[in-house]
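Student: I would like a close look at one part of this model. Please take a helix pair and what lies around the contact.

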Amino acid sequence: MAAFLALVRRDLALALRAGGGAGLGVVFFLAVVVVTPFAIGPDLALLARVGPAILWIGALLASLIGLDRLFAADAEDGSLDLLFMQELPLELAAAAKGLAHWLATGLPLVVAAPLLALLLNIEPRATGALVLTLLAGTPAITFLGLIGAAFASAFRRGGLLVAVLVMPLAIPVLIFGVAATTAAITGPVPFGTPFRILLGLALGALVLGPVAAAAALRVARG
């Protein structure tokens, strides 16, 4: 546990330092949400209907920022070799790096979502549902992204590879995240039905993501 927490603190410090890129996700998220109303127009009813989808698409894309460097930076400076040699299993090391990335990139998106929801005319009663879905869904995107990041570590420029690998895996998370938020606003499906599926996807990603990432790292290294 001590090694796990130490790795989380180390990656979190690297992400939060100047130039670490932790703030880029929030800036990108803000840019998507601010620009979209200008493209759609002044129809507040339309904004309220498509608002959850806009926020979720922005959160999905923002969560991918920095994933391509998650293992590639360690491969370049030799830290990845230390991960293979330490007593902490590689699966737990991948989970620690995923947790640090979510704390630096995904959690700020969840915190910023209620303020950005106001720009899209989303009702206050639905804001809580939006935050809950993002709180459950953004870790799933991050831990699924570990798989693409592990494969990308074998290539010098693997940013596009991460997006190509992660996008299809994250589509179910996007679908049920938007469905749950929309259900809280308009119904007729109860909020709990898609939200429970979203939680199941998140739990599956939390378990399978680090395992698949560790396997990809071993293949890339071998």
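Tutor: What follows is a walk through one helix contact, then a few residues beyond it. Keep in mind that the model is predicted.

Start with the two helices. Helix 3 covers residues 44–63, and helix 7 covers residues 124–152. Their axes come within 10 Å. They cross at roughly 30°. Angles under 35 degrees count as roughly parallel, so helix 3 is roughly parallel to helix 7. The crossing of the two is right-handed.

Now the residues that meet. Helix 3 contributes Leu-55, Trp-56, Ala-59, Leu-60 and Ser-63. Helix 7 answers with Leu-130, Thr-133, Leu-134, Gly-137, Thr-138 and Ile-141. By class, this contact of helix 3 with helix 7 holds seven nonpolar and four polar residues. Charged residues are absent from the contact.

Ser-63 leads on to another helix. This serine, one of the helix 3 residues that meet helix 7, is also touched by His-101. His-101 sits in helix 6, residues 90–119. Its relative accessible area is 8%, so His-101 is buried. Leaving aside residues up to four places away in sequence, His-101 also touches Ile-65, Gly-66, Leu-67, Leu-70, Gly-106 and Thr-142.

Next, the loop that joins helix 6 to helix 7. Asn-121 lies there. Its phi is near 60°, a positive value in a residue other than glycine. Most residues other than glycine have a negative phi. Asn-121 has 34% relative accessibility, so this residue counts as partly exposed.

Move on to helix 4, residues 72–77, where Ala-72 is found. Ala-72 has a relative accessible area of 6%, so this alanine is buried. Ala-72 and Ala-149 are 77 residues apart in sequence. In space, they are 7.6 Å apart, C-alpha to C-alpha.

One last stop, on aromatic rings. How many aromatic pairs does a search of the whole structure find? It finds one. The partners are Phe-191 and Phe-195, with ring centres 5.0 Å apart and planes at 20°. Planes under 30 degrees apart count as stacked, so this pair of Phe-191 and Phe-195 is stacked. Is each ring's residue buried or partly exposed? Phe-195 is buried, at a relative accessible area of 14%. Phe-191 is partly exposed, at 23%. The cut-off explains the split: buried means under 20% relative accessible area.

Conventions:
Residues are numbered from 1 along each chain as its sequence is written. This is a predicted model: local features need pLDDT of at least 70, side-chain atom pairs count only at pLDDT 80 or more; totals for chains, interfaces and linings use all residues. Side-chain values use heavy atoms; hydrogens and water are left out. Rings of Phe, Tyr and Trp (its six-membered ring) pair if their centres lie within 6.5 Å; planes under 30 degrees apart count as stacked, over 60 as edge-to-face and the rest as tilted. Buried means under 20% relative accessible area, exposed over 50%, partly exposed in between (1.4 Å probe, protein chains only). Axes are lines fitted to C-alpha atoms, for helices over the stretch in contact, and angles run from 0 to 180 degrees between N-to-C directions. Helices (H or I, at least four residues) and strands (E, at least two) are DSSP runs, numbered from the N terminus. Angles under 35 degrees count as roughly parallel, over 145 as roughly antiparallel, 65 to 115 as roughly perpendicular and the rest as oblique. A crossing is left-handed if the near helix is turned anticlockwise from the far one by less than a right angle, and right-handed if clockwise. Contact means heavy atoms within 4.5 Å. Ala, Val, Leu, Ile, Met, Phe, Trp, Tyr, Cys and Pro count as nonpolar, Asp, Glu, Lys and Arg as charged, and the others, Gly among them, as polar.
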